[in-house]
Amino acid sequence: MVHLRAARPLGPADAGAGAVIIMSRPRGYFGLPRDVVLLDGKEPPDVKPGVPTDSASTLRLPAAEAGRPVVALFNQERIVVRAWPTSESRIAIAELSY
C-alpha cells in the first residue's frame, strides 16, 4: 500500500541530506535489544537501547544515493521504500503496522 500525503517539512537537521527516510511504528515502540530493528541494514543510531521509547527513526543519505531502495525491518515485518531526493521536497516514510 502506498500513501502519498503531506508530511513534516524538511528541517535544519535535514540540511545537506540528499534523501531522508523515516521508519515509523505508530502502534508501538522499537525496543533494542528485544526487537530486530534495521534501517538500510544497520541498527538505527537514534533508537536508544533499553526501555522502548522510540517509535520513529530517521536515515539521511547523501545526494548520490537518492533514488535507491532502502529496506526497513522490524522483527518479521519488512518494507522497502525509495529514497526520494530532498531536492524535490520529498521524504520517504516506512510505516510498519505491527
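**Exercise 1.** In which sense do strand 2 and strand 4 pair, and over how many bridges?

*Solution.* The model is predicted; local features need pLDDT of at least 70, side-chain atom pairs count only at pLDDT 80 or more, and totals for chains, interfaces and linings use all residues. Residues are numbered from 1 along each chain as its sequence is written, and side-chain values use heavy atoms, with hydrogens and water left out.

Step 1. Strands are DSSP runs of E with at least two residues, numbered from the N terminus. Two strands pair if DSSP finds at least two bridges between them.

Step 2. Strand 2 and strand 4 are joined by 3 bridges, in the antiparallel sense. Within this pairing, Val-37 has Phe-74 of strand 4 as its bridge partner.

**Exercise 2.** Place strand 2 and strand 4 in their sheet, and describe the hairpin that strand 4 forms.

*Solution.* Step 1. The sheet is open, has 3 strands in the order 2-4-5, and its pairing is antiparallel.

Step 2. Strand 2 (37–39) and strand 5 are at the edges with a single partner strand each, so one side of each lacks a neighbour in the sheet. Neighbouring strands are turned by 15° against each other on average, direction ignored; axes are lines fitted to C-alpha atoms, and angles run from 0 to 180 degrees between N-to-C directions.

Step 3. Strand 4 (residues 69–74) pairs with strand 5 (residues 77–82) over 6 bridges, antiparallel. Val-70 is opposite Val-81 in strand 5. The hairpin of strand 4 and strand 5 has 2 residues between the strands, and Asn-75 takes a positive phi near 50°.

**Exercise 3.** Work out the order and the edges of the sheet that has mixed pairing.

*Solution.* Step 1. This open sheet of 3 strands has the order 3-1-6.

Step 2. Strand 3 (56–61) and strand 6 (92–95) each have a single partner strand, so one side of each is without a neighbour in the sheet.

Step 3. Strand 1 (residues 19–24) and strand 3 are antiparallel over 6 bridges, with Ser-24 opposite Ala-56 in strand 3.

**Exercise 4.** Which elements give two or more residues to the largest nonpolar core?

*Solution.* Step 1. A nonpolar core is a set of buried (under 20% relative accessible area, 1.4 Å probe, protein chains only) Ala, Val, Leu, Ile, Met, Phe, Trp, Tyr and Cys residues joined through side-chain atoms within 4.5 Å.

Step 2. The largest has 18 residues, and those with the most contacts inside it are Ile-21, Met-23, Phe-30, Leu-39, Leu-61 and Val-70. The elements are strand 1, strand 2, strand 3, strand 4 and strand 6.

Step 3. Beyond its neighbours within four places in sequence, Ile-21 has contacts (heavy atoms within 4.5 Å) that include Leu-39, Leu-61, Val-70, Val-81 and Ala-92.

Terms used. Helix = DSSP H or I, 4+ residues; strand = E, 2+ residues; numbered from the N terminus. Buried < 20%, exposed > 50% of the residue type's maximum accessible area, 1.4 Å probe, protein only.
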